[in-house]
Amino acid sequence: MKLLVVTGFLGSGKTTLIRTLGKECEKLGKRVAIIVNEAGTTSPSKDILKRDGLNAEDLKGCCICPGTAAKFEKILRRMEKELRPDIFLIEAFGTTTPNAIKTVIESIRGKTQQKLGSLPMVTLIDCSREEPFNKAIELIGAQVREADIVLLNKVDLVTDSQLKNIESRIRKIKPDASLMRTVASEGRGIDRLLDLLN
Amino acid sequence: MLEKLLLDFGTPKSVEPLETLLGILSVAYDELLETLPYLILGVVVGGFVAEFFPTDLVSKRLRKASFKSLLGCSCCAAFSPTDAWSSIPVTAGLSKGGLLWPLAAVFWMAAAITGPVEIMMTGGLLGLNYLAAFWISAILIGVFAGFAFDYFTKRGLIEEPFKDKARRMISPADMGFARSDLRLRIAAEEGIDDSELKNALLSLVKALSQECLREGAALIGHIRAQFDSRSGLVSADLTDPERTPDMQGTLEGKSKTGLLTVILSAKGLSDRQMKRITIRVLSEVMKKSHLRTVLDQLYLNWTGFRVLSAFKTSLKFFYMASKYLILGILVAGIIEVLIPEELITELMGSQALFLSVLVSVLIAVPMCGCQGGGAIVASELLSKGAAPGAVLSYAIVAPATCVTSLAMAWGQFGWKNMVLYTLILAFGGYLAGIAFNFLLLV
């Protein structure tokens with residue numbers, strides 16, 4: 001059972017990426033379970049995913065972090081029992097940083113029926129927005145530093161020079177960052193992730 | 001063995017198993033009837049406090065648990081008309097409303113000791129000198145509790161209840177992002193088609209971003225307006241105010257009702273500001289788009305929305321506080337039926353200055369002395385020659401550590417906060433008793 005966590009700043013395209021990955025994996029005959037983490041009391045992302053026939057549950061009103069690991073574990077184990085999925089896709093909310101989720105996943109390792117194989121931690125960057133780099137750099141910096149793969153999303157909305165500028169900003173934060181260019185809404189540039197999942 | 005031990009001190013009120021059980025259930029039922037009105041009053045007040053608490057003003061003035069702020073909170077609590085039961089949801093409301101947890105805990109502690117009935121009974125049965133000592137002790141124990149809760153909270157030994165878990169992040173970089181989310185069922189009498197809906201959602205997310213920026217948001221995180229109905233799901237997403245929002249999904253035919261979800265996250269505004277903006281903008285856009293809600297008069301004006309939110313919070317508090325209430329009233333019944341009154345007076349009748357106060361506190365903690373019960377036992381002790389400090393300690397500790405209220409506190413704030421509260425109260429009650437003994441007897 002593989003588990004992929006997608007983090008990224010607010011509006012960077014996490015739900016869209018999860019939806020695309022979920023659909024593609026199901027086309028390949030894999031059973032996919034999705035957990036959407038929402039900070040508030042509503043979960044529109046789950047509604048979107050369910051509309052597409054994907055198996056999605058939400059973890060509302062709290063983060064996936066050590067203090068609330070039990071809630072996450074409960075949902076994960078219930079979905080595992082009901083769906084017997086091959087793949088778990090986890091959507092963190094926009095202000096989460098990957099390290100907290102890594103800690104939670106480590107804490108539940110061994111508690112699932114099937115062996116849990118964690119994949120690299122993914123962070124999405126919305127290349128079409130520069131403003132968060134100026135006004136929320138601490139958060140974006142942490143997300144980039146703590147991620148294993150940085151997906152540069154919405155590359156279709158920017159010019160080459162803008163894209164290079166974003167890449168150089170990310171390299172300043174993490175010089176050895178593994179970068180991938182994607183357009184999640186069209187499923188472009190996600191082949192490596194699909195290979196990892198399948 | 002317990003029975004033998006108790007018999008050494010006096011005769012239990014009943015020894016027949018069936019009679020004992022019926023006695024316990026009867027006392028538990030009485031406890032429930034006695035507790036419920038205060039619990040209901042407390043949760044309603046707590047819900048409104050949580051919603052209408054002037055968070056911004058208070059958070060500016062009370063940013064840390066200083067002696068001055070703790071003393072101020074403690075004095076307010078000592079004069080508030082709340083008791084051991086109703087102070088719990090009110091404290092929850094203060095904490096949820098944004099008051100620092102050590103300051104809210106001060107309120108909890110001081111208000112639990114100085115319930116209106118306790119004050120009247122203490123003054124009436126024990127006299128004015130006891131009442132003054134009782135009041136001053138409550139205020140000082142409150143201040144002491146504030147420092148203790150502050151110390152334990154800062155070291156992560158206790159958890160701050162109601163602190164938005166989503167905020168208790170992982171990353172300090174998260175600070176500054178506020179969020180508002182709202183879901184309501186809306187209706188269009190003539191039905192709404194795909195293009196009309198998309199126009200409404202577009203206007204909504206654009207207007208929301210403009211309002212957020214106008215009110216001082218430093219950065220728009222994400223705004224989503226989503227309509228979900230049998231005819232389809234349509235959502236509008238805005239991340240960059242300079243760009244046209246992204247639209248997804250289509251509506252097949254006309255839709256008369258559906259669920260509208262509006263999510264707003266931005267940096268530089270408070271949650272409450274964002275909620276107010278959401279309600280105001282949504283109300284305007286819905287009027288223009290000829291949409292309405294089932295409760296639109298209530299929901300789509302700021303005051304009505306807050307009143308509904310307050311009642312929702314009250315229900316949540318009621319659920320949390322009553323989680324362990326059944327356990328609490330059963331334990332109260334067991335104590336009341338199985339522990340003879342002679343045991344208390346026998347153990348506390350001593351004039352020994354230190355020992356009698358210690359015994360008094362140890363007995364007062366599990367006893368149920370709410371609603372004047374503590375003062376009644378304290379006056380009996382006084383008439384039987386107990387040391388004044390022991391009498392005062394009992395009057396302070398017994399009402400505030402009523403088993404039913406401790407059970408409510410467990411449900412509302414978690415067991416660690418409940419245990420800390422009990423220990424502080426026992427220790428504070430002990431010190432107050434010793435001090436009172438020295439003042440009067442030495």
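The following paragraphs lead through a predicted model, from the sheet of chain B to its helix pairs, the contact between the chains and a helix of chain A.

The sheet of chain B is open and consists of 6 strands in the order S4-S3-S2-S5-S1-S6, with antiparallel pairing. Strands of a sheet pair through backbone hydrogen bonds, in either a parallel or an antiparallel manner. At the edges of the sheet in chain B stand strand S4 (246–248) and strand S6 (292–293); each has a single partner strand, so one side of each is left without a neighbour in the sheet.

Strand S3(B) can be followed through its pairing with S2(B) and S4(B). A hairpin through 2 residues joins S2(B) to S3(B), and these two strands run antiparallel, joined by 7 bridges. Within this pairing, B:Ile223 has B:Leu238 of S3(B) as its bridge partner. Between S3(B) and S4(B), which also run antiparallel, there are 3 bridges. B:Ala236 stands opposite B:Met247 of S4(B), and B:Ser235 has B:Gln248 of S4(B) as its bridge partner. Of the 7 residues of S3(B), 6 are buried, so S3(B) is largely enclosed by the rest of the structure.

Helices from both chains pack on this sheet. From chain A, helix H2 (residues 44–51) touches S2, S3 and S5 of chain B, and its direction makes about 135 degrees with that of S3(B). From chain B itself, helix H10 (residues 271–288) lies across S1, S5 and S6, running at about 15 degrees to S1(B).

The contact between the two chains takes 31 residues from chain A and 28 residues from chain B. On the side of chain B that touches chain A, at least two residues each come from strand S1 (177–192), strand S2 (219–229), strand S3 (232–238) and strand S5 (255–267) of chain B. The most is given by S2(B), with 6 residues. By class, this side of chain B divides into 11 charged, 9 nonpolar and 8 polar residues.

Two helix pairs of chain B may now be considered. In one, helix H5 (residues 87–97) and helix H6 (residues 101–113) pack at an angle of about 165 degrees, with their axes 9 Å apart. Because angles over 145 degrees count as roughly antiparallel, H5(B) is roughly antiparallel to H6(B). The crossing is right-handed. H5(B) contributes B:Ser87, B:Ile88, B:Thr91, B:Leu94 and B:Ser95 to the contact, while H6(B) contributes B:Trp101, B:Ala104, B:Phe107, B:Trp108, B:Ala111 and B:Ala112. This contact has 8 nonpolar, 3 polar and no charged residues.

In the other pair, the axes of helix H8 (residues 128–154) and helix H17 (residues 388–400) of chain B come within 10 Å and cross at roughly 50 degrees. That angle makes H8(B) oblique to H17(B), and their crossing is right-handed. The contact involves B:Tyr130, B:Ala133, B:Phe134, B:Ser137 and B:Ala138 of H8(B), together with B:Leu392, B:Ala395 and B:Ile396 of H17(B). An α-helix has 3.6 residues a turn, so residues three or four places apart point the same way. The contact of H8(B) with H17(B) has 7 nonpolar, 1 polar and no charged residues.

In chain A, helix H6 (residues 137–146) has A:Leu139, A:Ile140, A:Ala142, A:Gln143 and A:Val144 as its buried residues. The elements of chain A that cover them include strands S1 (2–8), S6 (122–126) and S7 (149–153), as well as helices H4 (98–108), H5 (131–135) and H7 (160–173).

Terms used:
Residues are numbered from 1 along each chain as its sequence is written. Chains are lettered from A and ligands numbered from 1 in the order in which they are written. This is a predicted model: local features need pLDDT of at least 70, side-chain atom pairs count only at pLDDT 80 or more; totals for chains, interfaces and linings use all residues. A residue is buried if 20 or more other C-beta atoms lie within 10 Å of its own, exposed if 12 or fewer, and partly exposed in between; C-beta atoms are placed from the backbone. Helices (H or I, at least four residues) and strands (E, at least two) are DSSP runs, numbered from the N terminus. Two residues are in contact if their C-beta atoms, placed from the backbone, lie within 7 Å. Ala, Val, Leu, Ile, Met, Phe, Trp, Tyr, Cys and Pro count as nonpolar, Asp, Glu, Lys and Arg as charged, and the others, Gly among them, as polar. Two strands pair if DSSP finds at least two bridges between them. Axes are lines fitted to C-alpha atoms, for helices over the stretch in contact, and angles run from 0 to 180 degrees between N-to-C directions. Angles under 35 degrees count as roughly parallel, over 145 as roughly antiparallel, 65 to 115 as roughly perpendicular and the rest as oblique. A crossing is left-handed if the near helix is turned anticlockwise from the far one by less than a right angle, and right-handed if clockwise.
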